[in-house]
Amino acid sequence: MPLTLLWALLALLTLAGAGGCSRAPQAPETSEADPVDLGPTTAAQVAKAKAEMKERLAEAPPAPPPSAPAISEPVAGKPRAPKDGEQVCFVCEAKGEVPCSAPRCNAGYRPCPGPCFKRHEGTWAPYPGQPGVMARAVRTPDRKTYYISEGHAGEVWVFEGGALVSKGLCPTCKGHRAVACKSCKSSGKQECPVCRGEGAIPAAWTPEDNPWFNRQPDLVRLKDGRVFLGAESGGDELLVMWKTRAGEIITVPRTEVAQWPKNP
Ligand SMILES: [Zn+2]
Ligand SMILES: [Zn+2]
Ligand SMILES: [Zn+2]
C-alpha cells in the first residue's frame, strides 16, 4: 500500500513538472512572459522592457476584436407586406435593408486607418525559439530584424532611440484594429436603396428598370437589350469596351450603345 501511494505521488509530481515546463504554442494572445524578441539589446534593456511590458499589459489588456456585429435595427420604418399592385422587393427580399456598402465595411466595422500593428499585414515569420508561433518580422533602419508576436496586434510600434518599441494601444482603434463604420453606425446594414426600407415595390419594377437603377450615373443600355452598370475602359472609333461594376468586360460596336453613362 505505501508503495502504491509513492508511485501515485511520483506520477503526480511528474505531471505537475511536465505542465509547468511545457511552453504552450498558442502563446501569441497571452504571451506576456516573452512578448518580444528584443534582438540586439543588452540583458538589462531586455529585463526593463519586459517589466514595462508586463506592467502595461496588466493595466490595459488589449480588448478583443469586435467579432460579433452589433445587433442591427431596421434603418427606417418597418418593411411591410406588398399590397395590391406591388411585389416583394427583389433586392432586399422584403427585409428593407441590405449590407452596408461603405468601402471596406465588414459587418459594421472597417480596418483601423491608424498606424497600429495588424494581423495579415507585413512580413510574417516563425517566432525565433518558439515553434508554431508566428510573429511579424520588422526590419528597422539600422538593418536589424525584430519579431513581434501577434498578441501585440493593435499596438503602435516605432523605431525610437535605436530600438523598436511599443507606444501602447493604438489611439485610433484602442487596440481593436477595427473602427466602427459611421455610414451604418456599426450595424453592417443600410436601408435598401430600391424599396427605401419598405420591403415592397410596385409590381412593374424590374431589376434593370426601376427608379434607383435608372438613376445610376454609370447605367449603360445596349440596343440588344443588355443593361449594366459600368465604365468605358477602352476601345477605338468603332468598338467600345466596358468594365461592369461586377468586373465583367463587355465589348460592343459603338453604334450598339443605346444609352451612354451620364458620367463617362
Ligand atoms: Zn428593398
Ligand atoms: Zn488602430
Ligand atoms: Zn458600414
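Biologist: Which residue in β14 does arginine 221 stand opposite?

Modeller: Valine 227 is the residue opposite arginine 221. Strands here are DSSP runs of E, at least two residues long, numbered from the N terminus. This is a predicted model, where local features need pLDDT of at least 70, side-chain atom pairs count only at pLDDT 80 or more, and totals for chains, interfaces and linings use all residues. Residues are numbered from 1 along each chain as its sequence is written.

Biologist: How many bridges join β13 to β14?

Modeller: Two strands pair if DSSP finds at least two bridges between them. Here 3 bridges link β13 (residues 219-222) with β14 (residues 227-235), and the two run antiparallel.

Biologist: What is the strand order in the open sheet?

Modeller: Its 5 strands follow the order β16-β15-β14-β13-β17, with antiparallel pairing. β16 (249-253) and β17 (257-259) are the edges; each has a single partner strand, so one side of each lacks a neighbour in the sheet.

Biologist: Good, now the interior. Which residues have the most contacts inside the largest nonpolar core?

Modeller: In soluble globular proteins, nonpolar side chains tend to be buried together. A nonpolar core is a set of buried Ala, Val, Leu, Ile, Met, Phe, Trp, Tyr and Cys residues joined through C-beta atoms within 7 Å; buried means 20 or more other C-beta atoms within 10 Å of a residue's own, with C-beta atoms placed from the backbone. The largest such core has 21 residues, and Phe117, Ala135, Tyr147, Ile148 and Cys181 have the most contacts inside it. β7 (145-149) and β9 (163-169) each give two or more residues to this core, with the largest share, 3 residues, coming from β7.

Technical notes:
Chains are lettered from A and ligands numbered from 1 in the order in which they are written. A residue is buried if 20 or more other C-beta atoms lie within 10 Å of its own, exposed if 12 or fewer, and partly exposed in between; C-beta atoms are placed from the backbone. Helices (H or I, at least four residues) and strands (E, at least two) are DSSP runs, numbered from the N terminus.
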